[in-house]
Amino acid sequence: MSETLHVPTVAELTAKGEKPDVLFWVGCAGSFDERAQKITKAFVKILNNVGIKYAILGTEESCTGDPAKRAGNEFLFQMQAMANIATLNAYEITKIVTTCPHCFNTIKNEYPSLGGTYEVIHHTQLLQELIDEGKLTFGADPFKGKKITYHDSCYLGRANGVYDAPRRILEAMDAELVEMKRCRKNGLCCGAGGAQMFKEAESGTKEINIERTQEAIATGARIISANCPFCTTMMGDGVKHANMEGQVEVLDLAELVAQAKDL
Amino acid sequence: MQYIEQILFVAILAVAIYFFTQKVKQIRRNILIGKDQIINDNKPARWMMMAKVALGQSKMVVRPVAGFFHILIYLGFVLINIEVLEILMDGIFGTHRVLSFMGPVYDAAIGFFEILAVLVLVSCLVFLGRRFVVHIPRFHSPEMKGWSTKDATYILVIEIVLMGALLKMNAVDQVLQSKGADHYVAAGSFPVSQYLVGFFQNYDISTLVVLERVFWWFHILGILFFLNYVPYSKHLHIFLAFPNTWYGRLQPAGQFANMPEITNEVNLMLDPSKADPNMPPPDKFGVSDVTDLSWKNLLDAYSCTECGRCTSSCPANITGKKLSPRKIMMDTRDRADELGKAKDVNGADYHDGKSLHDYISQEELLACTTCNACVEACPININPLEIIFGMRQFQTLEKSNMPGEWAMMNSNIENNQAPWQFSPSDRANWTHDIK
């Protein structure tokens, strides 16, 4: 494909008198962080390929307030939340998909009591649904026999109990899933949650992301799959620290799906 | 003589129950120092959670070795205590094995209790071994030094001694039964203590009666001592695990409560029509002391048995940071105890001016990634994260005490609508070049 893919905004659709079936909430990392932008782009390519009527808020999107809240600044969180809810409600948004489990958790669990109630799903859940419905299919076993390990993010896993959707996607792509010992409910944090992403860690004997990445590398997998832009960054740094760049890749499930479909 | 023994028994029982009740009342008061929180939604789910997690020990067995031996001790504790009912009746009425009229059922029960007693004894030895021979790291964290380790050891030793007394009591009883001693009806089956009979075979009946009485008294006094020791120890979990799981969280672990007093403030600024102008401004935001926690947080603290599964699964702790979720729970309990005692002396409205932040440092609070691993690991659904988070809110909102990077992040969110310093107008730039 050589022509540029157009990503519609809700404002645009509204001007045409239309509404998206689902709003893609991009999140700050997905919008600004270079590494995370790749995940965002992979995901819109998939949405486009499958033909889902989606849109983004574009410049009308704003931080959900999650890191402020987790850093203890409830005031700033609620300011952000109320502003976002006002925007979402003005566009009569009913369904939201997001590639960030932190945005996912906040909008799904913490917005309703502030007046913002939507159906919120994580992009791995949408991808799994599309696979189940036969709308997302893969040609000749893209990852057949390839060892892939999967890192449960805290805010998709323990926080919201989503463990199977991401694994089912790997299964559908014929990958050989090799689990780390600490997986699912016992998954180990990458070290970024609770606004840790935005500050230096307290002093200790080791960085959390290094501990986690070592565990992932020890599985023998050459691809570490993830579902969160922050985990992807943290684990990517862990791979660099282990001098395994070029040998081990950290990829979001959306990126793996896009790769498998050659998008 | 017999009446004297009965009167003595009733008197001791009354004293033991009195002191136990007084202590329970004190703990209840300490728990209710916390803020009121109504927890009574979705009762069927709550009963299920209690049945599964507390009664069914579903989270204990996640770690199979400890889980297995813990279930043995738990079953032993619950079932052997049925026999205590008989001991109480015998003590009050001066009877001996009053329930033996049940015949084969009784015999089977006594035999079963003996087997359980041995299993409990072995499990306690295994647990001592895990603490002092195998050196499992979570039993040797800094917060375990001193009383905590002693407390754990005392409990295990008391259990071993009690089970020993039970078996010896049965052994002597058998000899007395076989010698046709007055008052000692032939009852019970003794699959274990039959092997101890040899030690007592050669004594005459009067000596044996004294020995039997000694073991019997030792057993019941031990149990009454245990009853009164438990509320002073981490072992309260044997009672509190049940209410603690019943009142546990049902909402998703990732859902952090929104502070209503802040919602009102924000509404006053953004949309005054939604705000309640009569809501008094809060005297403080976040948690500075145990009085700012909910009673459920304090019930959590009193339920904690310091097993350390939370700490051993905490990413911060694993990587050598100061934070230990178990210490958070222990500090919370110690502070509630301290404030409770101060109130005992100075009246219910008294506050000693100290705070939970005197126990828990900012360094510990800042290390938390809010990952919920500690919450997941707790075998009885204790939630250290709510306490850590509430205290972090206090530091941020009341003291503006946070790392410079967080202050920067907050101002970025305020000014640029993102935690980094990017221009909001560039937010959709990624859309420009997708091929």
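**Exercise 1. How many residues does the contact take from chain A and how many from chain B?**

Before starting, note that this is a predicted model, in which local features need pLDDT of at least 70 and side-chain atom pairs count only at pLDDT 80 or more, while totals for chains, interfaces and linings use all residues. Residues are numbered from 1 along each chain as its sequence is written, and chains are lettered from A and ligands numbered from 1 in the order in which they are written.

Solution. Begin with the criterion: two residues are in contact if their C-beta atoms, placed from the backbone, lie within 7 Å. On that basis the contact takes 62 residues from chain A and 56 residues from chain B. Next, locate the elements on the chain A side: α2 (28–32), α3 (34–50), α4 (66–70), α5 (74–90), α6 and α9 of chain A each supply at least two residues, and the largest share, 7 residues, comes from α5(A). Here helices (H or I, at least four residues) and strands (E, at least two) are DSSP runs, numbered from the N terminus. Finally, sort the side of chain A that touches chain B by class, which gives 24 nonpolar, 23 polar and 15 charged residues; Ala, Val, Leu, Ile, Met, Phe, Trp, Tyr, Cys and Pro count as nonpolar, Asp, Glu, Lys and Arg as charged, and the others, Gly among them, as polar.

**Exercise 2. Work out the strand order of the open sheet of 4 strands in chain A, and place the helices that pack on it.**

Solution. The order is β2-β1-β3-β4 (chain A), with parallel pairing, where two strands pair if DSSP finds at least two bridges between them. β2 (54–55) and β4 (119–122) of chain A stand at the edges with a single partner strand each, so one side of each is left without a neighbour in the sheet. Further in, β1 (residues 22–25) and β3 (residues 95–98) of chain A pair in the parallel sense over 3 bridges, and F24(A) has V97(A) in β3(A) as its bridge partner. Then add the helices: α6 (residues 101–110) of chain A lies across β1, β3 and β4 of chain A, running at about 160° to β4(A), whereas α7 (residues 123–132) of chain A touches β3 and β4 of chain A, its direction making about 85° with that of β4(A). Axes are lines fitted to C-alpha atoms, for helices over the stretch in contact, and angles run from 0 to 180 degrees between N-to-C directions.

**Exercise 3. Describe how the two domains of chain A meet.**

Solution. The domain assignment, which is automatic or from a database, gives domain 1 (10–127) and domain 2 (138–260) of chain A. Their C-alpha centres lie 23 Å apart, and 26 residues of domain 1 of chain A are in contact with 25 residues of domain 2 of chain A. To the side of domain 1 of chain A that touches domain 2 of chain A, α3(A) gives the most, with 8 residues; the residues of that side divide into 12 nonpolar, 9 polar and 5 charged.

**Exercise 4. Do the same for chain B.**

Solution. Chain B is assigned domain 1 (2–31 + 63–246) and domain 2 (284–416), with C-alpha centres that lie 37 Å apart. In this chain, 20 residues of domain 1 of chain B are in contact with 23 residues of domain 2 of chain B. On the domain 1 side, α1 (2–31) and α7 (237–246) of chain B each supply at least two residues, and the largest share, 6 residues, comes from α7(B).
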